[in-house]
Amino acid sequence: MAAIAHDHAHDDHGALHHQFENIEQQNDSYIVGMWTFLVTEVMFFGALFFIYTLYRSMYQMDWYLAHEELDVTLGGINTVVLLISSWTVAMAVRFAQLKNRKMVILNLLVTLGCAFTFLVIKAFEYAAKFEHHLFPGPTFGSVPSHLNGANSNYAQLFYGLYFGMTGLHAVHILVGVLVISALTYLWVRKADSVMKDYIPTELVGLYWHFVDLVWIFLFPLMYLMPKPH
Amino acid sequence: MATTPLSTNTHGAGGHDDHSSHISSTGLLVGVLLLLMGLMGVTIWASFIDIPSIGPIPGIVMNNLVALAIATVKAALVIWFFMGVRFASSLAKIWVAAGFLVLFLMFGIMGDYGTRKFEPVQGWEVGTPVDGGETALPRTWPPEGRTPGSPAIEQNLRPR
């Protein structure tokens, strides 16, 4: 397998554009450019993680009680789903480098399937929270049994960040679905832009891994709070 | 090569004839996936355990540190192997590291919040009935006190 990989590896790049010295510089520019975007995303989510850290340190017990309403099983399943999708994207990039079109499409389709699964599970979780009046708003906490004894206002702060952060993450999943769909379409149409150059697939992959990265931190912070002791 | 500041990676130094990208083997990617799944299991398990305090560090902080350490290892695995940073040029590596370094520095703002209680001049948080300290909550308390004529309004507390 490694030998095959090596044989194909030398021609997996696109045409060299005039402003670049060589293909390494060209590919490096793409990668650094994409990471520049991802770093802005890190800061974007980072501010929310900071708010989370601040308020959780202030209202540990209330947040712990409030978080008990979240379903660790569903959160865990979603984590597995996202990890698998991250792997299939990595495989898609690998097959893009090897110019194995069928396997690229297969892996991208599995990724899309994982993204939809994630969103469906998330929708069920959100629906239950709305039903229990745990969405921040005038009727928040009107079913006290779902607050588990937590102060309603501090719990509301927790759910504000829960919906804010997981919602923003879900928006990123939606954007990922659009971008991966477009990429899959290009592969299905045998477009030169993706067939002759693995970089577009690689860049979409970087974005999707970032979405996975955010969830890797969201899952333990939202679903797996340790009991204050 | 002297005029190509971006191509600092030693792997691609051979120029046009050398292969420009590196391909991860299926075995490695599967291994990383299984490792990530295993770490997810460990972090779920660890969250249900009351880790004892170590020295001056309380147990709850230990729990949080363990959870964040595992998440950081998982993130590093994704960045290094799935995102292919191990094959990236030195420039891209520094770029990535700088992004996370700035994130780390931003958390230094926590120090500011930690010193608020030492302020010689009392801030706007004075008189919050709940715990006497700063809160993100509206100064009217309890929430139903927001209606005109309520004690909160008479005490000139800031409405929501």
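**Notebook: helix packing and the A–B contact**

I looked first at one helix pair and noted that helix 2 of chain A and helix 6 of chain A are roughly antiparallel to each other, a label for angles over 145 degrees. This is a predicted model, in which local features need pLDDT of at least 70 and side-chain atom pairs count only at pLDDT 80 or more, while totals for chains, interfaces and linings use all residues. Residues are numbered from 1 along each chain as its sequence is written, with chains lettered from A and ligands numbered from 1 in the order in which they are written.

I then looked up the geometry: these two helices of chain A, 2 and 6, pack at an angle of about 160°, their axes 11 Å apart, where axes are lines fitted to C-alpha atoms over the stretch in contact and angles run from 0 to 180 degrees between N-to-C directions. Helices here are DSSP runs of H or I with at least four residues, and strands are runs of E with at least two, numbered from the N terminus.

Next I turned to the contact between the chains, which takes 54 residues from chain A and 51 residues from chain B, two residues being in contact if their C-beta atoms, placed from the backbone, lie within 7 Å. On the side of chain A that touches chain B, I found that helix 2 of chain A gives the largest share, 18 residues.

Last, I checked chain B and found five helices and zero strands, running α-α-α-α-α from the N terminus on. Among its contacts between residues at least 6 apart in sequence, 34% join residues at least 24 apart.

Conventions. Angles under 35 degrees count as roughly parallel, over 145 as roughly antiparallel, 65 to 115 as roughly perpendicular and the rest as oblique.
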